[in-house]
Amino acid sequence: MTVRSRPLSPHLQIYRWTITMTMSIVHRATGIANYAGMALLAIWLAAAAWGQEPLNLVNDIYGSWFGQLVLFAFTWSLIHHMLGGIRHFIWDFIIGMEPGQRETLAWANLVLSIVLTLLVWTVFVWMA
Amino acid sequence: MRETVITRDMVADPKTKYGNARASTRHFITQRLTGAINIAFLIFLLFVVVRLAGQDRPDMVAVLGNGWIGLPLAALLVVVAVHMRNGMRDVLEDYFAGSLYRLLMLLNTLFCILVAVAGVAALLKLVFWG
């Protein structure tokens, strides 16, 4: 018996992809990433409290190219989530909800997060 | 918030006040409050990480062992843990229900407690015992 593909009811894919929904999804994703990333901070602090040997191990891992990549992404994730949170504070005062305004805020969120991340890493890591 | 099963009839009838008004408002306010404090945390964290990334233990002790840095950072870590648990609850509520939700919520709480306890214990050790 052959099985024909059955018609599906329209779901998420019928909607036009908008910047506001993207930033909403990214806000949640960065929140989850920050959640996991906080373990990295706890491990670093615990290693420092423990002794020089564990700290050397953590510094080697975090200082490797992959560790640096993760920390760079973590920096962006934290900054993006913070800016997204500030956007929610703005919305709490019923400001910036009109069409156009909310798109501007969403784009500002994305652009500022990238600019600030690059600024932080340029000033404090690459030039230091 | 302990979830109640929301039926079609409950949704259709505006007189049924499903959900927990108190706990949900508290959730909202807690998330805003801890989020605002976390802005301070991020700037502080940035300072600490930039100052100490890749440094040896004596440097870590010199900076974090200073009570004016180590203790506020410990307090902020606790606030972050509350924000983490609250935020992850939002996610879990959206995608899971019933006993699986409760199990994941338990793991969520345990992870947040673990991060906070490990971080705070490490900072207290650095501040008071070097």
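**Helix α3 of chain A.** I began with α3(A) in this predicted model, and compared its length with the expected rise: at 1.5 Å a residue its 28 residues should span 40 Å, and because the end C-alpha atoms are 40 Å apart, the two values agree. Looking just past the helix, I noted that α3(A) is followed by A:Ile94, which has a positive phi, near 55°.

**Helix α4 of chain A.** I repeated the check on α4(A), where 26 residues at 1.5 Å each should span 38 Å, and I found the end C-alpha atoms 35 Å apart, which agrees. I then listed which of its residues are buried, and these are A:Leu105, A:Ala106, A:Asn109, A:Leu110, A:Ser113, A:Thr117, A:Val120 and A:Trp121. For the spacing of such a list I kept in mind that an α-helix has 3.6 residues a turn, so residues three or four places apart point the same way. Tracing what these buried residues of α4(A) pack against, I found α1 and α3 of chain A, together with α2 (21-52) of chain B.

**The interface of chains A and B.** That partner in chain B led me to the interface, to which chain A gives 28 residues and chain B gives 40 residues. The area buried between the two chains is about 2,700 Å², and carbon and sulfur atoms give 77% of that area. I counted 2 salt bridges between chain A and chain B, and one of them joins A:Asp92 to B:Arg32, with the closest N and O atoms 2.4 Å apart. Across the same interface I also recorded 10 residue pairs in polar contact, both residues of each pair being at pLDDT 80 or more.

On the side of chain A that touches chain B, the elements giving two or more residues are α1 (19-50), α2 (52-63), α3 (65-92) and α4 (101-126). The largest share of this side comes from α1(A), with 13 residues. Sorting the side by class, I found 20 nonpolar, 6 polar and 2 charged residues.

**A:Asn59.** Finally I looked up A:Asn59, which sits in helix α2 of chain A. Is A:Asn59 buried or exposed? Its relative accessibility is 13%, and because the cut-off for buried is under 20%, A:Asn59 counts as buried. Setting aside neighbours within four places in sequence, I found A:Asn59 in contact with A:Trp44, B:Gly54 and B:Gln55. For B:Gln55 I noted the atoms involved: its backbone oxygen lies 3.1 Å from a polar atom of the A:Asn59 side chain.

Methods:
Residues are numbered from 1 along each chain as its sequence is written. Chains are lettered from A and ligands numbered from 1 in the order in which they are written. This is a predicted model: local features need pLDDT of at least 70, side-chain atom pairs count only at pLDDT 80 or more; totals for chains, interfaces and linings use all residues. Side-chain values use heavy atoms; hydrogens and water are left out. Contact means heavy atoms within 4.5 Å. Buried area is the accessible area (1.4 Å probe) that two parts lose on being put together, summed over both. A salt bridge is a side-chain nitrogen of Lys or Arg within 4 Å of a carboxyl oxygen of Asp or Glu. A polar contact is a pair of N or O atoms within 3.5 Å; within protein, one must be able to donate a hydrogen and the other to accept it, and residues adjacent in sequence count only if both atoms are side-chain atoms. Helices (H or I, at least four residues) and strands (E, at least two) are DSSP runs, numbered from the N terminus. Ala, Val, Leu, Ile, Met, Phe, Trp, Tyr, Cys and Pro count as nonpolar, Asp, Glu, Lys and Arg as charged, and the others, Gly among them, as polar. The expected span of a helix is 1.5 Å times one less than its number of residues. Buried means under 20% relative accessible area, exposed over 50%, partly exposed in between (1.4 Å probe, protein chains only).
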